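Work through the exercises below with the sequence and the model side by side. Try each task before you read its solution.

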Amino acid sequence: MQIELEAEAPATVADPFGDMAPWQAMLDRYAVLFTDMVEGSSVGFVPRSGSGIQPGKHVAGLVEAAGEVPMMKWINDGSGMSAGLMRYRGFQEAHVDLLFVADDAALEAMRASLAGDSLSLIKRLIRQGHIMFFVLRTKFELQDAGYEEFLDTLGLAFLGACR
């Protein structure tokens, strides 16, 4: 099933995420998924364009991020997940546990779904190849940080079939 885009205000290259208030409201609705996460746990979203990350490329062959590439970062601040924007300086300097790299269509679809079932949409976009997913911590670090329920919700293999 392909995702149809219905965003009223499409994002610009300089501002692919728009206002953080709807993102924060979405995170607050899904707060139960983040309750087991330890303070400092973080997830990043970057637009594929300008990120230096392309499908099918080995991480070691990544080019440097081009210019002012924004990254939306969800971070557990001790009282829940908080959404904010920062500059993406490249894969090695993302300083997140999980990195999602979304194409323009995915970013637009995500923004349009913020009042609905956003995580189900993100799950579909990952499966369709519109969002690439990078794990920057070991399985054990993610487990200790409390990511299991969040990753299960996105349909991403975490601890394998045998638990």
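**Exercise 1.** Which residue just after H4 takes a positive phi?

Solution. Bear in mind from the outset that this is a predicted model. Move to the end of helix H4, which spans residues 118-128, and look at what comes just after H4: there Gly129 takes a positive phi of about 90 degrees.

**Exercise 2.** Describe the overall make-up of the protein chain, beginning with its helices and strands.

Solution. Begin by counting the elements, which gives 6 helices and 5 strands in the protein chain. Next, follow the elements from the N terminus on, and you should read the order α-α-β-β-β-β-α-α-β-α-α. Then turn to burial: of the 163 residues of the chain, 43% count as buried. Finally, consider the contacts with a separation of 6 or more, of which 75% are made by residues 24 or more positions apart.

**Exercise 3.** Which residues of H4 are buried, and how are they placed around the helix axis?

Solution. First list the buried residues of H4, which are Ser118, Leu119, Leu121, Ile122, Leu125 and Ile126. Now look down the axis of H4: these buried residues fall within an arc of 155 degrees, and therefore they line one face of the helix.

Take Ser118 as an example. Its relative accessibility is 2%, and because buried means under 20%, Ser118 counts as buried. If neighbours within four places in sequence are left aside, Ser118 is in contact with Met26, Arg29, Tyr30 and Ser113. Ser118 and Leu27, although 91 residues apart in sequence, have C-alpha atoms that are 9.5 Å apart in space.

**Exercise 4.** Carry out the same kind of analysis for helix H3, and state which elements cover its buried residues.

Solution. In H3, which runs over residues 104-112, the buried residues are Ala106, Leu107, Ala109 and Met110. They cover an arc of only 165 degrees around the axis, so they sit on the same side of H3. Among the elements that cover them are helix H1 (20-29), strand E1 (42-47), E4, helix H4 and E5. At the start of H3, notice also that a side-chain oxygen of Asp103 comes to within 3.3 Å of the backbone nitrogen of Ala105.

**Exercise 5.** Which residue forms a salt bridge with Asp97, and which parts of the chain does the pair tie together?

Solution. The structure holds 1 salt bridge. Its partners are Arg137 and Asp97, whose closest N and O atoms are 2.9 Å apart. Arg137 belongs to the loop between strand E5 (131-135) and helix H5 (139-145), while Asp97 belongs to the loop between strand E3 (81-88) and strand E4 (98-102), so the pair ties together parts that are 40 residues apart in sequence. Now compare their surroundings: Arg137, at 34% relative accessibility, is partly exposed, whereas Asp97, with a relative accessible area of 8%, is buried.

**Exercise 6.** Which members of the largest nonpolar core touch the most other members?

Solution. This core has 36 residues, and those touching the most other members are Trp23, Trp74, Phe100 and Phe150. The largest share of the core, 5 residues, comes from H4. A second, separate core has 11 residues, including Val46, Val69, Tyr88 and Leu99. As general background, nonpolar side chains in soluble globular proteins tend to be buried together.

Note on methods: Residues are numbered from 1 along each chain as its sequence is written. This is a predicted model: local features need pLDDT of at least 70, side-chain atom pairs count only at pLDDT 80 or more; totals for chains, interfaces and linings use all residues. Side-chain values use heavy atoms; hydrogens and water are left out. A salt bridge is a side-chain nitrogen of Lys or Arg within 4 Å of a carboxyl oxygen of Asp or Glu. Helices (H or I, at least four residues) and strands (E, at least two) are DSSP runs, numbered from the N terminus. Buried means under 20% relative accessible area, exposed over 50%, partly exposed in between (1.4 Å probe, protein chains only). The arc is that of the directions from the helix axis to the C-beta atoms. Contact means heavy atoms within 4.5 Å. A polar contact is a pair of N or O atoms within 3.5 Å; within protein, one must be able to donate a hydrogen and the other to accept it, and residues adjacent in sequence count only if both atoms are side-chain atoms. A nonpolar core is a set of buried Ala, Val, Leu, Ile, Met, Phe, Trp, Tyr and Cys residues joined through side-chain atoms within 4.5 Å.
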